[in-house]
Structure formats: structure tokens, C-alpha cells
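Student: I am new to this structure and would like a close look at a single part of it, the nonpolar surface patch. Please take me through that part and then place it in the rest of the protein.

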Amino acid sequence: MLGLIISLIVIGLIAGAVARLLVPGRQNIGILATIVLGIVGSFIGGFLGYLIFHKDAQSGFFQPSGIIGSIIGAIIALLIYLRMGSRRTVR
């Protein structure tokens, strides 16, 4: 259980940091928000992977395709966050 939590945090940090590096512009979020962004991205990437390939992750937790899916999901979540944030500041 503790290993799962630690691995979620590490994968979340990696995916969130890579997503922040790939998305242009300034994101005013801290390290904790980056970890949460990566964790949310992992869920989004896993859901999209399941919808596309109709397979579940039963081969283990650390897989290259899972990390790539986490990064793609984190990019999607970051773009949605930035779009919602820009609407909030305009009003």
C-alpha cells in the first residue's frame, strides 16, 4: 500500500513536470499541484488507453506505455486547467 502511494507520487511528479515543460506559457502552480496534475493525468491517460485499446493494466504498474499515457493525460488536464483559468481572469 505504501509502495503504491509512493509510486503514484513519483509518477505524478514526473508526468506533471514533463507536461509543464511541453505546454508553452507560464503556469503558476507549485510542486504539489504538479504532482496532482500528474496523478490526474495518469487517470485520464489510463481511461483513454482503455477506451482506445480495450485492455486493462494487468501486466504491472510501471510500463512505458503507462508513463507516456500519464504524460499525455497530464497535458490534456493542464490545457483544460489553463483554459478554465483564462476564462476566470477575463470576467
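Tutor: Helices here are DSSP runs of H or I with at least four residues, and they are numbered from the N terminus. With that in hand, the patch can be described by element. This is a predicted model, and what follows is computed from it.

Two helices, α2 (31-53) and α3 (64-90), each supply at least two residues of the nonpolar patch. The largest share comes from α2, with 6 residues. The members of the patch are Phe47, Leu48, Tyr50, Leu51, Ile52, Phe53, Ile68, Ile72, Ile76, Ile80 and Met84, and together they make a nonpolar surface of about 1,100 Å².

Take one member as an example. Ile72 lies in helix α3. Its relative accessible area is 46%, so Ile72 counts as partly exposed. The cut-offs behind that label are under 20% for buried and over 50% for exposed, with partly exposed in between.

Now the setting. The protein has 3 helices and 0 strands, in the order α-α-α along the sequence. It exposes about 6,600 Å², and carbon and sulfur atoms supply 71% of that area. Of the 91 residues in the protein, 25% are buried.

In soluble globular proteins, nonpolar side chains tend to be buried together. This protein has such a group as well as the patch. The largest nonpolar core has 7 residues: Ala19, Val23, Ile29, Leu37, Ala74, Ala77 and Leu78. Helix α3 gives the most to this core, with 3 residues. Helix α3 is thus named in both places, as a supplier of the patch and of the core. One of the core residues, Ala77, is in contact with Leu37, Val40 and Ile44, leaving aside its neighbours within four places in sequence.

Contacts between parts that lie apart in sequence can also be put as a share. Among contacts in the protein with a separation of 6 or more, 73% are between residues 24 or more positions apart. For a pair placed by distance, the C-alpha atoms of Leu21 and Ile75 are separated by 9.6 Å, although these residues are 54 apart along the chain. Leu21 is found in helix α1 and counts as exposed, at 73% relative accessibility.

Last, confidence. The average pLDDT of the protein is 83, and 82% of the residues score at least 70. Among the elements, helix α1 (residues 2-22) has the highest mean pLDDT, 90, and α3 the lowest, 82. Where pLDDT is low, the predicted coordinates should not be read in detail.

Methods. Residues are numbered from 1 along each chain as its sequence is written. This is a predicted model: local features need pLDDT of at least 70, side-chain atom pairs count only at pLDDT 80 or more; totals for chains, interfaces and linings use all residues. Side-chain values use heavy atoms; hydrogens and water are left out. Patches are made of residues with over 30% relative accessible area and no salt bridge: like charges are joined within 9 Å, nonpolar side chains (Val, Leu, Ile, Met, Phe, Trp, Tyr) within 5 Å. Accessible areas come from the Shrake-Rupley method with a 1.4 Å probe; for residues, only the protein chains shown count as cover. A salt bridge is a side-chain nitrogen of Lys or Arg within 4 Å of a carboxyl oxygen of Asp or Glu. Buried means under 20% relative accessible area, exposed over 50%, partly exposed in between (1.4 Å probe, protein chains only). Contact means heavy atoms within 4.5 Å. pLDDT is the predictor's confidence in each residue, from 0 to 100. A nonpolar core is a set of buried Ala, Val, Leu, Ile, Met, Phe, Trp, Tyr and Cys residues joined through side-chain atoms within 4.5 Å.
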